[in-house]
Amino acid sequence: MPTEAVAARVSPDRRARRVRMIRTVALLVGVVVPSFILRELIEARFGRGPVADLSAVAMPMAATAWLAPYASYRRRDALLWLVGPGLYFFAVIAWRVALSPYRDWSPRPEEKPRMRWSRDPEHAGTWYLTEPASGTRHTSSR
């Protein structure tokens, strides 16, 4: 009987981690695979060269720049795709975005006014984003 109680306590955490991993892998595959396809199409049309090479990182750079503010990174971190470690940073960003709107990392100083400590028992020990990350406020169309 005690093992069932322990298994019941542990399983939601494992399930949440598994869902987060699936979301992260889906983001990675959804960005990296189309970039390889785009590179192959451009290489077939224009041949090998810098255009084909830059096309391979264009889509991941755009995705990194778009998702970076939601993961406490800066948009300019997308430029790391040009020098090499872009895939690593995108994997970290995807891992963080997969838990949105909750955050299990401490916010940057300029983000603290928009963050609240989560009191939800399911997400205990995480931060909660209270406002949108973009600079523009969403208003009604009236």
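Here are some short exercises with worked solutions on the predicted model shown above.

**Exercise 1. Salt bridges around arginine 39**

Find the salt-bridge partners of arginine 39, and say where each lies.

*Solution.*
- Step 1: Begin with the general idea that side chains of opposite charge can pair when their charged atoms come close.
- Step 2: One partner is glutamate 43, whose closest N and O atoms with arginine 39 are 2.2 Å apart. Glutamate 43 and arginine 39 both belong to helix H1, with their positions four residues apart, about one turn of the helix.
- Step 3: An α-helix has 3.6 residues a turn, so residues three or four places apart point the same way.
- Step 4: Another partner is aspartate 53, and here the closest N and O atoms are 2.6 Å apart. Because aspartate 53 sits in helix H2 (residues 50-67) and arginine 39 in helix H1, this pair ties together parts that are 14 residues apart in sequence.

**Exercise 2. From pairs to a network**

Which residues are linked with Arg39 in a network of salt bridges, and is each one buried, partly exposed or exposed?

*Solution.*
- Step 1: Add the contact between the side chains of glutamate 43 and arginine 48, a salt bridge at 3.8 Å, N to O.
- Step 2: The network then links Arg39, Glu43, Arg48 and Asp53. The structure as a whole holds four salt bridges.
- Step 3: Recall the cut-offs: buried is under 20% relative accessible area, and exposed is over 50%.
- Step 4: Glutamate 43 counts as buried because its relative accessibility is 18%. Arginine 39 is buried too, like glutamate 43.
- Step 5: Aspartate 53 has a relative accessible area of 40%, so it is partly exposed. Arginine 48, at 75% relative accessibility, counts as exposed.

**Exercise 3. A nonpolar patch**

Pick out the residues of the nonpolar surface patch, then place valine 29.

*Solution.*
- Step 1: The patch is made by Met21, Val25, Val29, Val33, Ile37 and Leu41, and covers about 520 Å².
- Step 2: Valine 29 is found in helix H1, which runs over residues 2-46.
- Step 3: With 45% relative accessibility, valine 29 counts as partly exposed.

**Exercise 4. The span of helix H3**

How far does helix H3 reach, and which of its residues are buried?

*Solution.*
- Step 1: Helix H3 (residues 86-97) has twelve residues.
- Step 2: From first C-alpha to last, H3 reaches 16 Å, close to the 16 Å expected at 1.5 Å a residue.
- Step 3: The buried residues of H3 are Gly86, Phe90, Val92, Ile93, Ala94, Arg96 and Val97.

How values were computed. Residues numbered from 1 in each chain as written. Predicted model: local features only at pLDDT ≥ 70, side-chain atom pairs only at ≥ 80, totals over all residues. Heavy atoms only, no water. Patch = residues over 30% accessible without salt bridge, like charges linked within 9 Å, V, L, I, M, F, W, Y side chains within 5 Å. Areas by Shrake-Rupley, 256 points an atom, 1.4 Å probe, with all protein chains shown as cover. Helix = DSSP H or I, 4+ residues; strand = E, 2+ residues; numbered from the N terminus. Buried < 20%, exposed > 50% of the residue type's maximum accessible area, 1.4 Å probe, protein only. Expected span 1.5 Å × (residues − 1).
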